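Thanks for asking me to look this one over. Here are my notes, written as numbered points so you can follow along with the model open.

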Amino acid sequence: MKKNYKKKQKTTNTVAEITNLVQSWDVQSDLDINTSSCDESSTDSDGADCDLVKTARNKDQVSIKSLLPQSGPCDITQVVSDNPTQPVLKNYPRTKFGKEWRNFHSEWFKLYPWLEYSILENSCYCFPCRIFSTDPSGSPFSESGFKNWKNAMEKNSGIKQHDKSVSHKLCMTKWEGYKMTEKTDKSILALINKENETLIKENRYYIATVAEILLFTARQNIAQRGDNESGESINKGNFLELLNLCAKRDKRLQKKIDELPKNAKYTHHSIQNEILSIMSLMVIESIANEVQKSKYFSVLADETKDISKTEQLSIMVRYFYNNTVNERFLGYVPCSELNAKALFEFIKKTLAASGINIQNCIAQTYDGASVMSSYQNGVQAIFQKEVPKALYTHCYNHRLNLVIVDVCKNIPEIEQFITLLQQLYNFVSRSTVHMVFLDHQKKIFPKKNTIELKKLCETRWICQISACVAVRETFSVILLLLNKISVESKSDKSMEAKSILVHINFEFIFCLHLFCDTFSQIKIVSDYLQLPNSDIGTSCLMVESLIDYLKEFRTVDRLFNVLLEKVVLFAENNNILLPEENIMCKRTNRKLPVRFASYITELPTSENSTVMCKNDVKIIIFNPVIDRMINELQCRFSDNNPILSGISSLNPQNKSFLDFQKLLPFAKHYDVDIESLESEFKLIPKLIKRHQIEKKTKINTILDFIKLLEYYKLAFSELYLLCTIAIIIPPSSAGVERTFSSLRQIKTYLRNKMINSRLTDIAILSIEKNISKNLDMEKVVDKFSAAHHNRKIMLI
């Protein structure tokens, strides 16, 4: 018995130490004391008590409930946050005291709310004393239980005496304090956790704001850094200045900037690079997920030189997702080598880094450079060895451009016309001449907007139409300007103006109108080819329509006469002399001395002819230009590839629509079940007819056809697959060339030292705006926090 008493005394002392420690922490709100009567055993050693106290100090991991020894029977309240156990029975167990039977009464619960009753022990307890008492002597109300029902309600004994005791009132105060802190949730642990949560929220808000500013500057192609970003600098660069501007309007952000130490502002360029990389990778992940769901894709690539003379290979993928054709940018790759094998490896590594399986590539589109298009050792040949299904298509826009280049450089009259257009632009673009040119426009056409002459583009010849239209619209102003300068000026400008005036004749006007008419038709085709959702089937139809238009223009005299009448009227309105009708005379060239004859090579008659009458322009200019265009278009767009030719069988506007035999090579190349496809071809005409009748809409494009098949994808699985592949094959690499424009906007003269990883990250965020604008900044902060665990700023 003595030994047990010491053990119990030791436990009581431990409880007192812990309770005093709890009081010093003021953590009553976090008490969760488990008081059970099942086992009152405790450690006997002092070291165990020290461990117990140390464990109690670890507030974040162990609750007070698990530290205090348990007391009282198990059928009464075991957790401090619960209410006292007060069972209301019809009849309580009776105990005989002398000659009288006495028992507990439920009315006592109303008089003493702290009272609780154990049915198992037929005794009552004081809930606060049992939990909070530190009295080593103990009390029946906190230890064994009070069951002397005879003296329970005596004035100086029992329940009434306990209610008046100092120790009871102290425990009641602690209990009330606990309940108060529980209501207000202001315990130390709660405050610490709340402070941590508040700090984390503020930190995450700050990093998210930094990321949003970086994203804004990247999407708008704005430079982030400044020459001097020190505290004394007047201009710290766009990024820091935008951050400070936001802080002026956001006190929460300003407070965080002021609180952070100078060496942990998280605005250093290395942090910028890290956040930009995280956001660009999230964009790439989004693209890769869409490609994986689509399964099949095609590759577009082209190379250009940036401001720092670095060869940059731009890579894109094209795929069909959510009934939409998407062309997505994967990044720039600096090319140390420009041979076909190296370029293919760059493409392969970029696809692998993006999480895209190269074996699902079904097509590749590049320009006509031999390193890309060569059938022996070009990139496309190496690519097809790796992925046999990846068909190569030469960019239709490049083909169209080569047609115009051939016409402009191989017909002397057109070559002279183009040269004169450029000279006219150079002359009018001079500062003094340009101001006079604009003033004359405002005086002559006061109600119209001023028109600027356009510079000729040496790479995109289809853009020459804008230069031709500008000259035609301002022709009268140009004539007035040239005449005025040639008469009034005595400088070199006068001689140059006279020289240009001499060459502005009927022949020039005819070429101007001819190019405006023909180029306008070519531009329609070119504009369609540059659309991201253009398909190769419709592109072929448009090229065929262009050839038909040119053939009709060439053979129908009425169309030529309409053009000629328009030119004659234009010449007469501007006082341009017309060629004399039906007078055939030779050009009177100044004869050179005989000793120079060996140095002169005379041109053939057809190339040295002169327009002597209005109808001569048809023979000398009109026919050669149109014939050359038709021949070049037929030559460059007459693909003999039976696989690609089969795509026309899937275009509803094509004459060979649903021609099974023509589609067969295309189907075999992509391993389609031929028997199943043949069965589908027998059923699909009836489905199309019924759909057009019910929906009262006509299927005009491959995309419309795919949307119809989408509803019956299980029944027409093979046909749906072929249509999807057909629309994924890109007719043009114009999307890649658009990334070159972004490259010039991002890597400028003042930003030519930008490292390539930062360039690619910014370009991805800028080009793929529709994805980057929807980035979740909370995920960005999470990834930023996960990248390093030794941050000076707590984010999770």
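1. How many residues does helix α22 have, and how far does it reach from its first C-alpha to its last? Helix α22 covers residues 557–573, which makes 17 residues, and it reaches 24 Å, close to the 24 Å expected at 1.5 Å a residue. Please keep in mind that this is a predicted model.

2. Let's look at the two sides of α22. Its buried residues are F560, L563, L564, V567, V568, F570 and A571. Seen down the helix axis, they fall within an arc of 165 degrees, so they line one face of α22. An α-helix has 3.6 residues a turn, so residues three or four places apart point the same way. Turned away from the buried side is a face that carries the exposed residues R558, E565 and N573.

3. What covers the buried residues of α22? The cover includes α17 (464–473), α18, α20, α21 (536–555) and α23 (616–637). Beyond the end of the helix, α22 is followed by N575, whose phi is positive, near 60 degrees.

4. One of those covering helices, α18, spans residues 475–488 and holds S476. Is S476 buried or exposed? With a relative accessibility of 29%, S476 counts as partly exposed. Not counting residues up to four places away in sequence, S476 touches F445 and N574. Another pair to find on screen is S476 and Q441, which are 35 residues apart in sequence and 9.3 Å apart in space, C-alpha to C-alpha.

5. Now for the largest nonpolar core, which has 113 residues; F510, F666, F705 and I729 touch the most other members. Helix α20 (residues 506–529) gives the most to this core, with 13 residues. A second, separate core has 79 residues, including I358, I764, V780 and V781. Back in the largest core, I729 touches R318, I362, A363, T393, I536, L644, I647, F666 and Y670, leaving out residues up to four places away in sequence.

6. A second serine worth a look is S373, in helix α12 (residues 370–373). S373 is buried, because its relative accessible area is 14%, and the cut-off for buried is under 20%. Leaving aside neighbours within four places in sequence, S373 is in contact with D367, G368, Q380 and Y392.

7. Finally, a word on confidence. The mean pLDDT of the protein is 82, and 85% of its residues reach 70 or more. Over residues 1–69, pLDDT stays under 50, and the model has 108 contacts beyond four places in sequence for this stretch. Residues 581–588 also stay under 50, with 8 such contacts in the model.

Methods:
Residues numbered from 1 in each chain as written. Predicted model: local features only at pLDDT ≥ 70, side-chain atom pairs only at ≥ 80, totals over all residues. Heavy atoms only, no water. Helix = DSSP H or I, 4+ residues; strand = E, 2+ residues; numbered from the N terminus. Buried < 20%, exposed > 50% of the residue type's maximum accessible area, 1.4 Å probe, protein only. Contact = heavy atoms within 4.5 Å. Core = buried A, V, L, I, M, F, W, Y, C linked by side-chain atoms within 4.5 Å. pLDDT = per-residue confidence, 0-100. Expected span 1.5 Å × (residues − 1). Arc of directions from axis to C-beta.
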